[in-house]
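Good morning, everyone, and thank you for making time for this short presentation. Please have a look at the sequence and the structure before I begin.

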Amino acid sequence: AHNNNGTVPTPLTNYLDTQYFGEISIGSPAQMFNVVFDTGSANLWVPSQSCSPFSTACFTHNRYDASKSWTYVENGTGFSIQYASGSVRGFLSEDVVVVGGIPVVQVFAEATSLSALPFVFAKFDGVLGMGYPHTAIDGITPVFDRIMSQHVLQEEVFSIYYNRDPKHSPGGELVLGGTDPNYYTGTFSYMNTREVGKWEVTMKGVSVGTQMMFCTESCTAVIDTGSSYITGPASSVSLLMKTIGAQQDESGYRVNCDGVQTLPSVTFRLGDQDYALTHEDYILWQSQIDGDVCTVTFRGLDVPPPTGPIWILGANFIARYYTEFDRRNNRIGFAAAV
Ligand SMILES: CC(C)(C)OC(=O)N[C@@H]1CNC[C@H](C(=O)N(Cc2cccc(Cl)c2Cl)C2CC2)C1
């Protein structure tokens, strides 16, 4: 499945503009899984055949069955991830993992317990972390590092396209080893990662309309393909929402759909370039039975120091700006997505 220049595109499914996932296989014969390619983490985990029947989230997803794979190698080391939104616990195994047609022998986690929240809402089965090795739990070499060490890629980069319109396919695309000109226009603007080992950059301000309101003394922005929304420090986001006239309710922030057209752009200054999101990019307009609902796709999230305070630029940002993650040069490139 390798095209002539070593890049191997993986089509992604777009579920409600909040979950983008693609198919990988584990084991021989191949067992298929839908995973989020997540630049905010660095481990691969999928639900396990041996997960407890009480773990609903496990039971409603594809599960890896080691006993059915002749390339399975036992490991057994414990594994657990504590997300802001939930937790995953299980044990390590090793088997052949195929991503975009490239096979690697990979240590991954079989999840035996998945917190119902949020994984019961997940359309994907597991997570394939695209982060750097030193952020990997249990010091496991991540999938992309195993692929790079095979020297099959033309460039040591990967790129992500997220489609904004759920009706059109593909919902997105992951390219290993390059970029896909079908999904961006113009040229890339690059910025170095803030520190080697994390997909994060220094941000030099967040503006609402023409007014720079936040991060005026520079701050950190994580480019996170596994997050649905944009998050910022809760105090900043609540002031941002007040400025655009959004009300907070149990599920986040909403605006009156009638006023959407007059909403200001929100602009992120990254690497001396301005990346603007218009209301088209940051309002999720859902037509519901009792009328239209316009959700603002920003969330307040306070990440404690030393990691935080940070802004997280997730799927709604990446859907507007096609993103190239460059491991060779430790830099991130953005181009206007089509
Ligand atoms: C510190 C460390 C644990 C490594 O941090 C992370 O792993 N941080 C991850 C950073 N990227 C987003 C991850 C996340 O929130 N989810 C849950 C999720 C996201 C969107 C929609 C749904 Cl339904 C769900 Cl369940 C995983 C699916 C990627 C956490």
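I will talk about the ligand, then a pocket, and then a few details of the chain.

What you see is a predicted model, in which local features need pLDDT of at least 70, side-chain atom pairs count only at pLDDT 80 or more, and totals for chains, interfaces and linings use all residues. Residues are numbered from 1 along each chain as its sequence is written, and side-chain values use heavy atoms, with hydrogens and water left out.

Let us begin with the ligand, which has 16 residues around it, where a residue counts as near if one of its heavy atoms lies within 4 Å. The nearest of these are Asp-38, Tyr-83, Pro-118, Asp-224 and Gly-226. A side-chain N or O atom of Asp-38 is 2.9 Å from a nitrogen atom of the ligand, and a polar side-chain atom of Asp-224 is 2.8 Å from a ligand nitrogen atom; for comparison, a polar contact is a pair of N or O atoms within 3.5 Å, and within protein one must be able to donate a hydrogen and the other to accept it, while residues adjacent in sequence count only if both atoms are side-chain atoms. Taken alone, the ligand exposes 650 Å², of which the protein buries 75%, with areas computed by the Shrake-Rupley method using a 1.4 Å probe, and for residues only the protein chains shown count as cover.

Strand E5 (73–82) and helix H2 (116–119) each give at least two residues to this shell, helices (H or I, at least four residues) and strands (E, at least two) being DSSP runs numbered from the N terminus.

Pro-118, one of the nearest residues to the ligand, is found in helix H2, and the peptide bond that leads to Pro-118 from Leu-117 is cis, with omega near 0 degrees. Where is the place of Pro-29? Pro-29 sits in the loop between E2 and strand E3 (31–38), and a cis peptide bond with omega of about -5 degrees joins Ser-28 to Pro-29. Leu-16, in the loop between strand E1 (8–15) and E2, has a positive phi near 55 degrees, although Leu-16 is not a glycine. As background, most residues other than glycine have a negative phi, and most peptide bonds are trans.

Finally, the structure holds 24 aromatic pairs, meaning rings of Phe, Tyr and Trp (its six-membered ring) with centres within 6.5 Å, where planes under 30 degrees apart count as stacked, over 60 as edge-to-face and the rest as tilted. Tyr-20 and Tyr-162 form a stacked pair, 3.9 Å centre to centre with 10 degrees between the planes.
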